[in-house]
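Biologist: I am new to this structure and would be grateful for a close look at a single part of it. Please choose one helix and describe its setting.

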Amino acid sequence: MRLADAVAAQADLVQWLLNCVASVGADPPGITREAYGRGENAAQAQIEETGLRLGMTASLDAGANLTLRWAAEAPQQAPVLIGSHLDSVIQGGNFDGAAGVIAGLGAVAALQAAGLTPKRDIEVLALRCEEAVWFGLGLIGSRCLLGRLPPGALELRHARTGLTLAESIAACGGDPEALREGKPLRDPRAMGAYLEAHIEQAPQLVEAGHPVAVCLANPGNVRHPFIRITGEEAHTGLPHRFRRDAALAGAEFSLALERLWLEEEALGRPMAVTIGRFHTPADRHSLTSVSGAFELSLDLRAYSAEHLKALETRLGRIAVEVAERRGVRIELGERSAAAPGPMHPVMVKGLGEAAGRAGLTPLKLNSPGSHDANNFAAAGVPTGMLLVRNRNGSHNPYEAMDTPDLVAAIGVLAEWLRTNACL
Ligand SMILES: [Zn+2]
């Protein structure tokens, strides 16, 4: 069978798997597949059963990630890993994560139906707990696999069960003690490539009218969750020249960051500024007082470490300028950071060519969100991602990916695998 026909023939399997993972996570009107819990476990069991039916072998690593392996008889190169996650946020949608795991199985099924044989192992990974909502830390399964859990992570507590991460991993058949040293469970240098298909979390593909794009990079971020501005509380009758208004300083500071964002974008340097929390203290504010205090959070994201560093310098300067002009104090407070995940140029090129062979326009876009792929890229594994068209964003019940678009992504994966991983 031609590969394109073999891919098209997987549409029923793909739809069936999408329905399966939806039913195990049903939580109307959304989907909740609790990480290291019922929904994720049930989805993992379903994926495992399908992999076994495709003649793959199944194993669980110390982080309780599932690996399904289609083994080459005499491997000529290091394995290719295709992965994503099966957990969702609380009241999320069905496709963020699960679609990527299903795409991996769909690609293997298509190659088999086309009569192809692997020259290197092809593995499908169902990674655990990608969503930060469960433990306040994201990408946990891929962190476990690649030895990138931060200190103390195993003691974090699950938002619903209250169990520690170590206890949660053990309850799902993993081995938390093997994770304590923070070493990779497998040598990343022995991973030939990592591929991930993921729904796009912005409407760029909807806008462009294309089903699939090759991802150029996932953003890294710098976060300040608790920025505090201190001015002077005063009566509403105080003339402007005497005021040290923390609320207006917060507004000016935020708008200056938005201006920075727009300037950078105009210069072709993509980034994003998100002020998720923005308020006067509820126990002090009133209609007739000038605010003496203001609080906000900041998530600053960009696609290269150099750009993030330059933006942090600008951030510091803006804080100083606004503070001086308004006579307030601006404390950026606690800081956390995550490294950007640039995709490997060879993978970007290869996936673009595979898209062309699959009859698609090889559109290339930055991903708006971070993914498990960030950890593989940071560990030095040649990493590539496909973004799949999706309406209504993600992390909500209204995620809307059409199955034919996922089948189109499977077509690209299968074309890439035929060239790079099959005899
Ligand atoms: Zn995801």
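Modeller: Let us begin at Gly55, which has a positive phi of about 80° and comes just after helix α3. This is a predicted model, in which local features need pLDDT of at least 70 and side-chain atom pairs count only at pLDDT 80 or more, while totals for chains, interfaces and linings use all residues. Residues are numbered from 1 along each chain as its sequence is written.

Helix α3 covers residues 38-53. Helices (H or I, at least four residues) and strands (E, at least two) are DSSP runs, numbered from the N terminus. The expected span of a helix is 1.5 Å times one less than its number of residues; the 16 residues of α3 should therefore span 22 Å, and its end C-alpha atoms are 23 Å apart, which agrees.

The buried residues of α3 are Gly39, Glu40, Asn41, Ala43, Gln44, Gln46, Ile47, Thr50 and Gly51. A residue is buried if 20 or more other C-beta atoms, placed from the backbone, lie within 10 Å of its own. An α-helix has 3.6 residues a turn, so residues three or four places apart point the same way.

These buried residues pack against α2 (11-24), α4 (98-113), β3 (57-60), β4 (66-70) and β6 (122-127). Contact here requires C-beta atoms, placed from the backbone, within 7 Å.

As for the wider setting, the protein has 12 helices and 20 strands, and buried residues make up 47% of its 423 residues. Along the principal axes, its C-alpha trace spans about 80 × 45 × 40 Å.

Conventions
Buried ≥ 20, exposed ≤ 12 C-beta atoms within 10 Å, placed from the backbone. Contact = placed C-beta atoms within 7 Å.
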